[in-house]
Amino acid sequence: MQDTQLCYLQGKSFLENHLDESRLKKYALWIARYNSTLGRSADIWQHSDTGKVNGISTKVDLNLAYRDFTDTVNIVNPNNPSENTSTTYIVKKNDSLSFIAKKYNTTVKSLVSLNGIKNPDKINIGMKLKVNGSVSITNSTKKYHTVKGGYTVSALVKKYGSSTSKTWNSIKNIDKIYVGQKLRVK
């Protein structure tokens, strides 16, 4: 986890008509709008408060995340930063300390010191690192698309301005995608 700060808004209209969006750029936006479309960009769209989930007897909120918040959300007290503790990052394939430092707006030296790393050129997949710092939203923003009928990889590349990188989705044949398949597009 790291300390991405979420700004939850009760409605799209409230955001657009009563708030200065330029002052919210450092926050991930979580917007509630119970409609068939959100009609704007956001990080999370709460599209229903009447959802049903197996094992829960009451209605629940349903949300769509447009970026991967795995290992990125931590509750932070902006009124008292000294209360905020280090977070944990689990090393993934192809990670390096410089990549992790950049992602969390910290330094390799800080990561080495905080984790007692003897050789900064050697970290292992699955290793748990303590991290002080906040994630850089520009480095962590990911977008996903659920495939609907008629879509092709090339159409998604054009729509999202991305690439056909097979590493994002582990697609063996980019000419074969399926309705309902969730693909990372950025």
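In what order do the four strands of the open sheet lie? In this predicted model, the order is E1-E2-E3-E4, and the pairing between the strands is mixed. Strand E1, covering residues 6-9, and strand E4 form the edges, since each of them pairs on one side only. Averaged over this sheet, and with direction ignored, neighbouring strands are turned by 25° against each other.

The mixed character of the pairing can be followed by walking across strand E3. On one side, strand E2 (residues 28-32) runs parallel to strand E3 (residues 44-51), and three bridges join the two. Two of the residue pairs can be named here: Ile31 has Trp45 as its bridge partner in E3, and Ala32 has Gln46 as its bridge partner in E3. On the other side, E3 and strand E4 (residues 60-65) run antiparallel and are joined by five bridges. Gln46 appears again at this second junction, where its bridge partner in E4 is Asn63. A reader tracing the sheet can therefore pass from Ala32 in E2 to Gln46, and from Gln46 onward to Asn63 in E4, with E2 and E3 being parallel strands and E3 and E4 being antiparallel ones.

Another residue of strand E3 that deserves attention is Ser48. Is Ser48 buried or exposed? Its relative accessibility is 12%, and because the cut-off for a buried residue is under 20%, Ser48 counts as buried. Once its neighbours within four places in sequence are left aside, Ser48 is in contact with Tyr34, Val60, Asp61 and Leu62. A polar atom of the Ser48 side chain also lies 3.0 Å from the backbone nitrogen of Thr50.

From the sheet, the account turns to charged side chains. Side chains of opposite charge can pair when their charged atoms come close. How many salt bridges does a search of the whole structure find? The search finds three. In one of them, the side chains of Lys12 and Glu16 meet with an N to O distance of 3.6 Å. Lys12 and Glu16 are four residues apart in helix H1 (residues 12-18), so about one helical turn separates them. Lys12 counts as buried because its relative accessibility is 16%, whereas Glu16, with a relative accessible area of 36%, is partly exposed.

Glu16 also forms a salt bridge with Arg40, in which the closest N and O atoms are 3.2 Å apart. This pair links distant parts of the chain, for Glu16 belongs to helix H1 while Arg40 sits in the loop between E2 and E3, 24 residues apart. Arg40 itself is partly exposed, with a relative accessible area of 22%. Arg40 forms a salt bridge with Glu21 as well, and here the closest N and O atoms are 2.7 Å apart. Because Arg40 lies in the loop between E2 and E3 and Glu21 in the loop between H1 and E2, this pair ties together parts that are 19 residues apart in sequence. Glu21 counts as partly exposed, at 31% relative accessibility. Through these shared partners, the salt bridges join Lys12, Glu16, Glu21 and Arg40 into one network.

Further along the chain, helix H3 (residues 108-115) contains Leu114. Leu114 counts as partly exposed, with a relative accessibility of 30%. The C-alpha atoms of Leu114 and Val131 are 7.5 Å apart in space, although the two residues are 17 residues apart in sequence.

The last element to consider is helix H5, which spans residues 153-160. Which residues of H5 are buried? They are Val153, Leu156 and Tyr160. These residues lie on the same side of H5, because they cover an arc of only 60° around the axis. The buried residues of H5 pack against strand E7 (144-146) and strand E8 (182-184). The face of the helix turned away from this buried side carries Ser154 and Lys158, which are exposed. Helix H5 thus presents Val153, Leu156 and Tyr160 as its buried residues, while the exposed residues Ser154 and Lys158 are carried on the face turned away from them.

Methods
Residues are numbered from 1 along each chain as its sequence is written. This is a predicted model: local features need pLDDT of at least 70, side-chain atom pairs count only at pLDDT 80 or more; totals for chains, interfaces and linings use all residues. Side-chain values use heavy atoms; hydrogens and water are left out. Two strands pair if DSSP finds at least two bridges between them. Axes are lines fitted to C-alpha atoms, for helices over the stretch in contact, and angles run from 0 to 180 degrees between N-to-C directions. Buried means under 20% relative accessible area, exposed over 50%, partly exposed in between (1.4 Å probe, protein chains only). A salt bridge is a side-chain nitrogen of Lys or Arg within 4 Å of a carboxyl oxygen of Asp or Glu. The arc is that of the directions from the helix axis to the C-beta atoms. Contact means heavy atoms within 4.5 Å. A polar contact is a pair of N or O atoms within 3.5 Å; within protein, one must be able to donate a hydrogen and the other to accept it, and residues adjacent in sequence count only if both atoms are side-chain atoms.
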